[in-house]
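Here is a short walk through one protein model, written for someone who would like to find their way around it at the bench. Please have the sequence and the 3D view open as you read.

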Amino acid sequence: MNTDTHAAGAHDHHHDDGHAHSTFSGYMLGFVLSVVLTAIPFWLVMSGALPSKQITALVIMAFAVVQIVVHMIYFLHMSPKSENGWTMMALIFTIVMVVIALSGSLWVMNHLNSNMMPMHEMTGMK
């Protein structure tokens with residue numbers, strides 16, 4: 001093997017295998033976005049900045065959808081470039097996961113509120 005062949009082969013490490021790859025900066029951007037997308041809803045609930053609980057819940061659900069998309073892009077490496085674009089199965093999986101995550105979270109929170117804080121115990125009945 002001569003030096004020209006070896007030098008040409010040494011720089012051929014970057015190949016396109018159809019999968020998305022990430023860098024340290026990509027992971028850090030995803031991490032920072034996920035922290036911000038967690039901190040803002042936490043602040044909204046703790047400060048009571050929005051006028052009603054329904055508006056707060058809708059805003060938190062919107063942040064949850066954005067957070068799911070951020071995780072899919074930065075940590076699961078789903079992008080239009082990988083695997084010849086998003087396949088139909090990946091799209092169906094995403095929709096199912098978002099519906100399960102959001103509806104399950106609302107269902108659990110509703111039942112926790114009604115089962116853990118019954119109104120007859122809070123009104124002072126003896």
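Let us begin with what a pocket is. On a 1 Å grid over the protein atoms alone, a pocket is an open set of points with protein on both sides within 12 Å along at least five of seven lines, and lining residues have an atom within 4 Å of a point. Grid points are joined across faces, edges and corners, and a volume is the space filled by probe spheres set on the points. By that rule, the largest pocket has a volume of about 720 Å³. Its lining has 21 residues, and those closest to its centre are Lys 53, Ala 57, Ile 60, Leu 106 and Met 109.

A word on the ground rules. This is a predicted model, in which local features need pLDDT of at least 70, side-chain atom pairs count only at pLDDT 80 or more, and totals for chains, interfaces and linings use all residues. Residues are numbered from 1 along each chain as its sequence is written, and side-chain values use heavy atoms, with hydrogens and water left out.

**Confidence and overall layout**

The predictor's confidence in each residue is its pLDDT, on a scale from 0 to 100. The protein averages 77, and 67% of the residues score at least 70. Helices (H or I, at least four residues) and strands (E, at least two) are DSSP runs, numbered from the N terminus. The protein has five helices and zero strands. Among these elements, helix H2 (residues 24-47) has the highest mean pLDDT, 94, while helix H1 (residues 3-10) has the lowest, 52. Where pLDDT is low, the predicted coordinates should not be read in detail.

**The annotated segments**

The unreviewed UniProt entry places the feature "transmembrane region" at residues 24-45, 57-76 and 88-109. UniProt positions are given in the numbering used here, feature names are shortened, and annotations may be inferred rather than shown by experiment. Over residues 24-45 the chain is 100% helix, with its end C-alpha atoms 32 Å apart. For residues 57-76 the helix share is 90%, and the end C-alpha atoms are 27 Å apart.

**Around the pocket**

Which helices each supply at least two residues of the pocket lining? They are H2, helix H3 (53-74) and helix H4 (88-116). H3 gives the most, with nine residues. The lining divides into 12 nonpolar, eight polar and one charged residue. Here Ala, Val, Leu, Ile, Met, Phe, Trp, Tyr, Cys and Pro count as nonpolar, Asp, Glu, Lys and Arg as charged, and the others, Gly among them, as polar.

H3 deserves a closer look. The expected span of a helix is 1.5 Å times one less than its number of residues. The 22 residues of H3 should therefore span 32 Å, and its end C-alpha atoms are 31 Å apart, which agrees.

**Burial and contacts along the helices**

Buried means under 20% relative accessible area, exposed over 50%, and partly exposed in between (1.4 Å probe, protein chains only). Buried residues make up 15% of the 126 residues. In H3, Thr 56, Gln 67, Val 70 and Met 72 are buried. The table pairs three residues with partners elsewhere in the chain.

| Residue | Relative accessibility | Partner | C-alpha separation |
|---|---|---|---|
| Val 66 (H3) | 41% | Ser 34 | 9.2 Å |
| Leu 44 (H2) | 9% | Val 59 | 9.0 Å |
| Ser 105 (H4) | 42% | Met 61 | 9.5 Å |

Is Leu 44 buried or exposed? Leu 44 is buried, because its relative accessible area is 9%.

Definitions and conventions. On a 1 Å grid over the protein atoms alone, a cavity is a set of points where a 1.4 Å probe fits but cannot get out, and a pocket is an open set with protein on both sides within 12 Å along at least five of seven lines; lining residues have an atom within 4 Å of a point.
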